[in-house]
Amino acid sequence: MNKDGQVKLDDIAKTFDASTVKEVQEGKRSEQDIYMEYMSLWDTQVKDGIITFDEFLAYYEDYSASVEEDDVFVAAMKESHRSTTSTQ
Ligand SMILES: [Ca+2]
């Protein structure tokens with residue numbers, strides 16, 4: 001996040017590796033499909049490729065509210081995060 005309280009979509013994209021998502025590894029969905037779905041979670045209010053602080057907060061509100069019904073995707077996100085921070 002920069003001094004203006006905004007995050008560029010590209011910065012978030014760098015932290016996300018769609019190839020580690022289970023559905024991609026199983027060939028059920030394309031990396032592009034997962035990537036676009038992930039990005040659409042963030043850039044919600046004004047789709048300009050920049051995540052404002054309001055959009056950032058909105059994401060986390062939605063995220064916490066939808067954990068139970070969307071737990072498969074959340075698990076995939078955790079798996080993705082783990083793999084990007086591992087030494088392998
Ligand atoms: Ca935006």
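Modeller: A helix here is a DSSP run of H or I with at least four residues, numbered from the N terminus. In this predicted model, D11 lies in helix 1, which covers residues 9–14.

Colleague: How many helices and strands does the protein have?

Modeller: The secondary structure comes to 5 helices and 2 strands. Along the sequence the pattern reads β-α-α-α-β-α-α.

Colleague: Which element has the highest mean pLDDT, and which the lowest?

Modeller: Helix 2, residues 22–25, has the highest at 95. Helix 5, residues 71–85, has the lowest at 63. For the protein, the mean pLDDT is 77, and 66% of the residues reach 70 or more.

Colleague: Back to D11. Where does D11 stand in terms of exposure?

Modeller: The general idea is a count of C-beta neighbours: 20 or more within 10 Å is buried, 12 or fewer is exposed, and anything in between is partly exposed. D11 counts as partly exposed because 13 C-beta neighbours lie inside 10 Å.

Colleague: What share of the protein counts as buried?

Modeller: Of the 88 residues, 9% count as buried.

Colleague: Next, distances. What separates D11 and I51 in space?

Modeller: Sequence separation and spatial separation are read side by side. D11 and I51 are 40 residues apart along the chain, and their C-alpha atoms are separated by 9.7 Å.

Colleague: Which residues does M39 touch, leaving out those up to four places away in sequence?

Modeller: A contact requires C-beta atoms within 7 Å. On that basis M39, which has its place in helix 3, touches L9 and A13. The C-alpha atoms of M39 and I12 are separated by 8.2 Å, with the two positions 27 residues apart along the chain counted as their separation. M39 has 17 C-beta neighbours inside 10 Å, so M39 counts as partly exposed.

Colleague: E31 is also in helix 3. What does E31 touch?

Modeller: Helix 3 spans residues 31–42, and E31 is found in this helix. Leaving out residues up to four places away in sequence, E31 touches A18, S19 and V24. From E31 to V21, 10 residues apart along the chain, the C-alpha separation is 8.2 Å.

Colleague: Why is E31 described as partly exposed?

Modeller: E31 is partly exposed because 14 other C-beta atoms lie within 10 Å.

Colleague: Where is D43 found?

Modeller: D43 is found in the loop between helix 3 and strand 2, the strand at 50–51. Not counting residues up to four places away in sequence, D43 touches L9, G49, I51 and E55. D43 and L9 are 34 residues apart in sequence, and 7.6 Å apart in space from C-alpha to C-alpha. With 18 C-beta neighbours inside 10 Å, D43 counts as partly exposed.

Colleague: What percentage of contacts join residues at least 24 apart?

Modeller: Among contacts in the protein between residues at least 6 apart in sequence, 55% join residues at least 24 apart.

Definitions and conventions: Residues numbered from 1 in each chain as written. Predicted model: local features only at pLDDT ≥ 70, side-chain atom pairs only at ≥ 80, totals over all residues. Contact = placed C-beta atoms within 7 Å. pLDDT = per-residue confidence, 0-100.
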